[in-house]
Each structure stands twice: as C-alpha cells, then as structure tokens.
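Here's a quick walk through one model, written for someone who likes cut-offs spelled out. Have the structure open while you read.

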Amino acid sequence: MRVPFTRVAPRTAVDSTRSTLAALTVSVGTVGLAAAATRPGLLALVDQHAAAVRDSLDGDRRPLTAATLAGYAEGLREAALEHGWAPPRGPVDWDAPEWPHARLLAVCALARTLDET
C-alpha cells in the first residue's frame, strides 16, 4: 500500500517545529526569560526585538504560528553563523547579550505567548 506524501509531511513538519522551538527554549529561552524577568533593561530589549520579529513576519495581519517562529529562528541562526557569529561556549551574558541571542530570546518570548492562547 502506498502512503500519500501529504499524510506524512504535516506530521514531520509539526515534529520539526516542536523540536526547533524546544531546542531554542532549552538553549536560550528558559534562562534568558528568567534573566529578563529580573532585568528591566533586558526585558525592554526583548520587547523591542519581539516587535521587530512580529513586523518581519507580518504579525499584525496574520497570526504568528509555531511554524513561522521556528522557521524564523532557524533562518536567523543560519544567517548569523554565515556572517561569522559563533554561539558562546559557556553561559550567555544576559547583561550584554549579543544581537542574535536577544533576537532568539524574543522568538522564545513570542512562542510562549502562542501557548497562552
């Protein structure tokens, strides 16, 4: 029996989206959002980056989804690596995060709001 591709692809896409957002939450989100809760300057930075991500994904006209956020995060990470950025070998300095970390943390913050709706 032949299984149509359309039956396989959505499950794979959902798994990939969940995996991407889960990995991002573990590597950046949990610690970064906890840090932002105690650092008003970091929280403001995350809010600014979240607004920029929302704008770039046309979030004012279309609802954000886990898939769009995961795709954005993957693209951002790839572009940053291509331009010479390297993730730190130790903990992130949340007092002065690099631009990619601030942007990825904003993606985590936006993804967290999807769970609340």
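Helices here are DSSP runs of H or I with at least four residues, strands are runs of E with at least two, and both are numbered from the N terminus. With that in hand, one spot to look at is Asp-58, just after α2, which takes a positive phi of about 60 degrees.

Some ground rules: this is a predicted model, so local features need pLDDT of at least 70 and side-chain atom pairs count only at pLDDT 80 or more, while totals for chains, interfaces and linings use all residues. Residues are numbered from 1 along each chain as its sequence is written, and side-chain values use heavy atoms, with hydrogens and water left out.

**Overall layout and confidence**

The chain holds four helices and zero strands, giving the pattern α-α-α-α along the sequence. On pLDDT (the predictor's confidence in each residue, from 0 to 100), the chain averages 87, and 85% of the residues score at least 70. Residues 1-6 fall below 50, and beyond near neighbours in sequence that stretch has one contact in the model. A contact, by the way, means heavy atoms within 4.5 Å. Among the elements, α1 has the lowest mean pLDDT, 80, and α2 the highest, 97. Of the contacts with a separation of 6 or more, 70% are between residues 24 or more positions apart.

**Two threonines on α1**

Buried means under 20% relative accessible area, exposed means over 50%, and partly exposed is in between (1.4 Å probe, protein chains only). By that yardstick, 33% of the 117 residues are buried. Helix α1 runs over residues 5-38 and includes Thr-17; Thr-20 sits in α1 too. The table leaves out contacts up to four places away in sequence.

| Residue | Relative accessible area | Contacts |
|---|---|---|
| Thr-17 | 14% | Ala-66, Ala-67, Ala-70 |
| Thr-20 | 16% | Ala-70, Glu-74 |

Thr-20 also has a polar contact of 2.6 Å between its side chain and that of Glu-74. Such a contact is a pair of N or O atoms within 3.5 Å; within protein, one must be able to donate a hydrogen and the other to accept it, and residues adjacent in sequence count only if both atoms are side-chain atoms.

**Helix α2, face by face**

How far apart are the end C-alpha atoms of α2? They are 24 Å apart, which agrees with the 24 Å that its 17 residues should span at 1.5 Å a residue; the expected span is 1.5 Å times one less than the number of residues. Buried along α2 are Leu-42, Val-46, His-49, Ala-50 and Val-53. Seen down the axis, these buried residues fall within an arc of 110 degrees, so they line one face of the helix. That arc is taken from the directions from the helix axis to the C-beta atoms. On the other side, Pro-40, Gly-41, Gln-48 and Asp-55 are exposed.

**The core**

A nonpolar core is a set of buried Ala, Val, Leu, Ile, Met, Phe, Trp, Tyr and Cys residues joined through side-chain atoms within 4.5 Å. The largest one has 26 residues, and those with the most contacts inside it include Leu-24, Leu-42, Val-53 and Trp-94. Each of α1, α2, α3 (66-82) and α4 (99-116) supplies at least two residues of this core, with the largest share, seven residues, coming from α4. Leaving out residues up to four places away in sequence, Val-53 touches Leu-69, Tyr-72, Arg-103, Val-107 and Leu-110.

**A loop residue**

Ala-96 belongs to the loop between α3 and α4 and is exposed, at 52% relative accessible area. Its C-alpha atom is 9.8 Å from that of Gly-41, although the two residues are 55 apart along the chain.
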